[in-house]
Amino acid sequence: MKTVNKLLLLLFAINLGCAYTSEIVYDYNLEVDFNQYDTYVLCMDDFFVEHTNHPNLDNEEVRRIIGDAVALEIENKGHRTNVLKPQLQAGFRLLISEETAEFTDCEHLEELEYWESCAIHTETYEEETLVVYVADFETKKVIWHASIVCDLQQSQKKLKPYIYDLISDLYDTYPKT
């Protein structure tokens, strides 16, 4: 019985090691009192689509949803929007990277080598990272930012709640009390 338990524990540990988890990465300026800020404005440049070669990941609708979620969360932190006298600028970045992997099987003997290539399949993986930030409007320096690897390949029905949950999780690291 001990052997079975050890085997199950080992399999569980291996499974955890292979599991994909998204971790929030964040940083902020320790010298800044975030409670001193009352007003903010969204960075309008962040609403322009950058990755036109990935229209299903980066498009006007996705950016609008992200912007709305950022506005909601920063207001939940006690800031109010003020376009004329903002103290903070809130924004986001959508980073998309591609990696191509080639799957091969070159198990054959030299005398039987008749394949031109041993490639079975080539696959391109896309990874999206969502970054949110807050900058001091006067000094133009970022005072807080957080990021998470995400998957924007969601159905239209699931995309909005998914993004809102991501932004909420990111803003949980925002240091305003």
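Which residues does P175 touch, not counting residues up to four places away in sequence? Keep that one in mind; the tour ends there. One thing before you start clicking: what you have open is a predicted model.

**Stop 1: the whole chain**

Colour by secondary structure and take in the full view. You should find three helices and six strands. Walk along from the N terminus and the elements come in the order α-β-β-α-β-β-β-β-α. Now switch on the surface. The chain exposes about 12,200 Å², and 53% of that is supplied by carbon and sulfur atoms. Of its 177 residues, 32% count as buried. As for how the chain meets itself, take the contacts between residues at least 6 apart in sequence: 72% of them join residues at least 24 apart. You'll see some of these long-range meetings as you go.

**Stop 2: two helices side by side**

Select residues 60-76, which are helix 2, and residues 156-171, which are helix 3. The two pack with their axes 9 Å apart, at an angle of about 40°. Helix 2 and helix 3 are therefore oblique to each other. Their crossing is right-handed.

Show side chains to see who makes the contact. From helix 2, pick E61, V62, I65, I66, D68, A69, V70, L72, E73 and I74. From helix 3, pick Q156, L159, K160, I163, Y164, I167, S168 and Y171. Colour the picks by type and you get 12 nonpolar residues, two polar and four charged.

**Stop 3: L166, also in helix 3**

Stay on helix 3 and select L166. Is L166 buried or exposed? With a relative accessible area of 7%, L166 is buried. Leaving out residues up to four places away in sequence, L166 touches L130, I148 and C150. For a distance to try in the viewer, draw a line from the C-alpha of L166 to the C-alpha of S147: it spans 9.4 Å, for two residues 19 apart in sequence.

**Stop 4: H51, in a loop**

Next, go to the loop between strand 2 (39-42) and helix 2, and select H51. You might wonder whether a loop residue has to sit out in the open; here the number answers. H51 has 16% relative accessibility, so it counts as buried. Show what is around H51, skipping residues up to four places away in sequence, and you'll find D58, R63, L94, L95 and I96 touching it.

**Stop 5: a pair of glutamines**

Select Q87 and Q89. Q87 is in the loop between strand 3 (80-81) and strand 4, while Q89 is in strand 4 itself (residues 88-104).

Start with Q87, which is partly exposed at a relative accessible area of 29%. Beyond the residues within four places in sequence, Q87 is in contact with Q36, Y37, D38, T39, A135, D136 and F137. Pick D136 from that list: Q87 and D136 are 49 residues apart in sequence, yet their C-alpha atoms are 6.2 Å apart.

Now move to Q89, also partly exposed, with a relative accessible area of 24%. Once its neighbours within four places in sequence are set aside, Q89 is in contact with V41, C43, Y133, V134, A135 and F137. Draw a line to C43: the C-alpha atoms are separated by 6.2 Å, with the two positions 46 residues apart along the chain.

**Stop 6: K140, out on a loop**

Find the loop between strand 5 (119-136) and strand 6 (141-150) and select K140. What is the phi of K140? It is positive, at about 60°, although K140 is not a glycine. With the surface on, K140 shows up as exposed, with a relative accessible area of 64%.

**Last stop: P175**

Follow the chain into the segment after helix 3 and select P175. P175 counts as partly exposed, at 21% relative accessibility. And here is the answer to the opening question: setting aside residues up to four places away in sequence, P175 touches Y28, F34 and W144. Finish by drawing a line from P175 to W144. They are 31 residues apart along the chain, and their C-alpha atoms are separated by 8.2 Å.

Technical notes
Residues are numbered from 1 along each chain as its sequence is written. This is a predicted model: local features need pLDDT of at least 70, side-chain atom pairs count only at pLDDT 80 or more; totals for chains, interfaces and linings use all residues. Side-chain values use heavy atoms; hydrogens and water are left out. Axes are lines fitted to C-alpha atoms, for helices over the stretch in contact, and angles run from 0 to 180 degrees between N-to-C directions. Helices (H or I, at least four residues) and strands (E, at least two) are DSSP runs, numbered from the N terminus. Angles under 35 degrees count as roughly parallel, over 145 as roughly antiparallel, 65 to 115 as roughly perpendicular and the rest as oblique. A crossing is left-handed if the near helix is turned anticlockwise from the far one by less than a right angle, and right-handed if clockwise. Contact means heavy atoms within 4.5 Å. Ala, Val, Leu, Ile, Met, Phe, Trp, Tyr, Cys and Pro count as nonpolar, Asp, Glu, Lys and Arg as charged, and the others, Gly among them, as polar. Buried means under 20% relative accessible area, exposed over 50%, partly exposed in between (1.4 Å probe, protein chains only). Accessible areas come from the Shrake-Rupley method with a 1.4 Å probe; for residues, only the protein chains shown count as cover.
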